[in-house]
Amino acid sequence: MGSSEIKTFYDNLYSSNPKVFGDTTHDFLKTVFTFLPISKGRALDIGAGEGLSSCYLAERGYVVDALDISTKAFTGVPKNESGITLYYGDICNFQIDTSYAIILCSFVFHHLTKKDFFQLIARLKENTVGEGIHAFRLFTTQSAFARNDK
């Protein structure tokens, strides 16, 4: 599936259900924060979806760059939310020009080719501060997405 088809898929998904991923992101991020040695700085939220993780990070003092391919995303981000900059686009074409304390990537990797995946990981590593952390959320082979019974 190309980025145009992926965008259309997620535009339709968010249009039909603005809270499609629910609010489980907080449980995931609470676990991530137990491993995070840096308590403030910049954060990159890739595949930000409704923006719940971006809001969680901003509430804890991070300056967040949130990226999603869908122009219908960010339904959970209040208007004029300070501390969060919203970006729409494909991560493979997104210019990363700063270093981050935390890079969160949620349910994106299954859309990438192997080549794009490894190039992205290299870019993320290059743009992470020394004590920074990467946190990835992935679909498993047991997920509804993998079973195609969404």
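The structure holds zero disulfides. A disulfide is a covalent bond between the sulfur atoms of two cysteines. The model discussed here is predicted. Cys55 is buried, with a relative accessible area of 9%, whereas Cys92 counts as partly exposed at 29%. The points below treat the overall fold, the nonpolar cores, helix α3 and the aromatic rings.

**Overall fold**

- The protein contains five helices and five strands.
- Read from the N terminus, the order of these elements is α-α-β-α-β-β-β-α-β-α.
- Of the 150 residues in the protein, 40% are buried.
- Among contacts with a separation of 6 or more, 61% join residues that are 24 or more positions apart.
- The protein exposes about 8,400 Å², and carbon and sulfur atoms supply 52% of that area.

**Nonpolar cores**

- In soluble globular proteins, nonpolar side chains tend to be buried together.
- The largest nonpolar core in this model has 25 residues. Tyr62, Val64, Ile84 and Ile102 have the most contacts inside this core.
- Two or more residues of this core come from each of the helices α1 (3-16), α2 (25-33) and α3 (52-59), and likewise from each of the strands β2 (62-68), β4 (100-106) and β5 (128-137).
- Which element gives the most to this core? It is α3, with four residues.
- Leaving aside residues up to four places away in sequence, Val64 touches Ala43, Asp45, Ser54, Leu57, Ala58, Gly83, Ile84 and Thr85.
- Another core, of 15 residues, lies apart from the largest one, and its members include Leu67, Ile103, Cys105 and Val108.

**Helix α3 and its surroundings**

- Helix α3 is mostly covered, since six of its eight residues are buried.
- These buried residues are Ser53, Ser54, Cys55, Tyr56, Leu57 and Ala58. Three of these names, Ser54, Leu57 and Ala58, also appear among the residues that Val64 touches.
- Cys55, one of the buried residues of α3, has a relative accessible area of 9%, which is under the 20% limit for a buried residue.
- Tyr56 is likewise a buried residue of α3, and the charged end of Arg60 sits over the ring of Tyr56, 3.4 Å from the ring centre.
- Gly61, just after α3, takes a positive phi of about 95°.

**Aromatic rings**

- The structure holds six aromatic pairs.
- A pair of aromatic rings is described by the distance of the centres and the angle of the planes.
- Why is the pair of Phe109 and Phe136 edge-to-face? The ring centres are 4.8 Å apart and the planes stand at 75°, so the pair is edge-to-face, the limit for this class being an angle over 60 degrees.
- This pair links distant parts of the chain: Phe109 belongs to the loop between β4 and α4 (114-126), Phe136 belongs to strand β5, and 27 residues separate them.
- Is Phe109 buried or exposed? At 11% relative accessibility, Phe109 counts as buried, while Phe136, at 30%, is partly exposed.
- Phe117 and Phe118 also form an edge-to-face pair, with 5.1 Å from centre to centre and 75° between the planes.
- Phe117 has a relative accessible area of 26% and is therefore partly exposed.
- Phe109, Phe117, Phe118 and Phe136 form one aromatic cluster.

Conventions
Residues numbered from 1 in each chain as written. Predicted model: local features only at pLDDT ≥ 70, side-chain atom pairs only at ≥ 80, totals over all residues. Heavy atoms only, no water. Buried < 20%, exposed > 50% of the residue type's maximum accessible area, 1.4 Å probe, protein only. Contact = heavy atoms within 4.5 Å. Areas by Shrake-Rupley, 256 points an atom, 1.4 Å probe, with all protein chains shown as cover. Core = buried A, V, L, I, M, F, W, Y, C linked by side-chain atoms within 4.5 Å. Phe/Tyr/Trp six-rings, centres within 6.5 Å; stacked < 30°, edge-to-face > 60°. Lys NZ or Arg CZ within 6 Å of the ring centre and 35° of its normal. Disulfide = S-S within 2.5 Å.
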